[in-house]
Amino acid sequence: MSNVQIKVMDNGPLRISGEVELIDVEGNKFTTKEVFSLCRCGRSSKMPFCDASHKGNFDSCVRAEKVLGE
């Protein structure tokens, strides 16, 4: 697998880029692309994928803790 990045978008989804395998609790694979977004708000009609239903209805701006020396 290639290098994977998961980006927490402000007031939006988790943006996944890179080659990953997304599976459900039973081990069934979801079809994904090289870049896709996962819903964080729970409003999407395409779960687990984002369909932009969050716009104007979801507030979350998460930041990682900064570590000295990075």
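**Entry 1: Arg63 and its partner**

I started at Arg63, which is exposed with a relative accessible area of 58%. The model I am reading is a predicted one. I looked for a charged partner of Arg63 and found a salt bridge to Asp10, with the closest N and O atoms 2.7 Å apart. I then placed the two residues: Asp10 sits in the loop between β1 (5-8) and β2 (14-17), and Arg63 sits in the segment after β3 (35-38). The pair is 53 residues apart and links distant parts of the chain. For Asp10 I noted a relative accessibility of 39%, so Asp10 counts as partly exposed.

**Entry 2: Cys61 and the same loop**

I looked up Cys61, which is also in the segment after β3. I left aside its neighbours within four places in sequence, and the contacts of Cys61 are then Asp10 and Asn11. For Cys61 and Asn11 I took the C-alpha separation, which is 6.0 Å for two residues 50 apart along the chain.

Asn11 belongs to the loop between β1 and β2. Its relative accessibility is 30%, so I list Asn11 as partly exposed. I checked its backbone as well: phi of Asn11 is near 55°, a positive value in a residue other than glycine.

**Entry 3: backbone exceptions**

I kept in mind that most residues other than glycine have a negative phi, and most peptide bonds are trans. Besides the entry for Asn11, I noted Ala52, with a positive phi of about 75° although Ala52 is not a glycine. Ala52 is in the segment after β3, and at 32% relative accessibility I count it as partly exposed.

I also went through the peptide bonds. The bond joining Met47 and Pro48 is cis, with omega of about 5°. Pro48 is placed in the segment after β3.

**Entry 4: the second salt bridge**

How many salt bridges does a search of the whole structure find? I get two. Having written down Asp10 with Arg63, I turned to Lys29, which forms a salt bridge with Glu21. The closest N and O atoms of Lys29 and Glu21 are 3.1 Å apart. Lys29 is exposed at a relative accessible area of 63%. Glu21 has a relative accessibility of 48% and counts as partly exposed.

For the charges as a whole, I took the mean position of the 10 positive ones and that of the 10 negative ones in the protein chain. These two mean positions are 8 Å apart.

**Entry 5: strand β3**

I picked two residues from β3. Is Leu38, which I find in strand β3, buried or exposed? Its relative accessible area is 15%, under the 20% cut-off, so Leu38 is buried.

I listed what Leu38 touches, not counting residues up to four places away in sequence: Pro13, Leu14, Ile16, Leu22, Pro48, Phe49 and Cys50. One of these, Pro48, is the residue joined to Met47 by the cis peptide bond. I also checked Leu38 against Phe58: the two are 20 residues apart in sequence and 14 Å apart in space, C-alpha to C-alpha.

Val35 is the other residue I took from strand β3. At 38% relative accessibility, Val35 counts as partly exposed. Not counting residues up to four places away in sequence, Val35 touches Arg15, Ile16 and Ser17. Ile16 is thus on record for Val35 and among the contacts of Leu38. From Val35 to Val20, 15 residues apart in sequence, the C-alpha distance is 9.6 Å.

**Entry 6: the whole chain**

I ended with the overall values. The protein chain has three strands and zero helices, and from the N terminus on its elements run β-β-β. The radius of gyration is 14 Å, well over the 11 Å that the globule rule gives for 70 residues, so the chain is more spread out than a compact globule. Along the principal axes, the C-alpha trace spans about 40 × 35 × 20 Å.

I noted that buried residues make up 20% of the 70 residues. The chain exposes about 5,600 Å², and carbon and sulfur atoms supply 49% of that area. What share of contacts between residues at least 6 apart in sequence joins residues at least 24 apart? I have 27% written down.

Conventions
Residues are numbered from 1 along each chain as its sequence is written. This is a predicted model: local features need pLDDT of at least 70, side-chain atom pairs count only at pLDDT 80 or more; totals for chains, interfaces and linings use all residues. Side-chain values use heavy atoms; hydrogens and water are left out. Helices (H or I, at least four residues) and strands (E, at least two) are DSSP runs, numbered from the N terminus. The radius of gyration is taken over C-alpha atoms; the globule rule is 2.2 Å times the number of residues to the power 0.38. Buried means under 20% relative accessible area, exposed over 50%, partly exposed in between (1.4 Å probe, protein chains only). Contact means heavy atoms within 4.5 Å. Accessible areas come from the Shrake-Rupley method with a 1.4 Å probe; for residues, only the protein chains shown count as cover. Lys and Arg count as positive and Asp and Glu as negative; His and the chain ends are not counted. The place of a charge is taken as NZ of Lys, CZ of Arg, CG of Asp or CD of Glu. A salt bridge is a side-chain nitrogen of Lys or Arg within 4 Å of a carboxyl oxygen of Asp or Glu.
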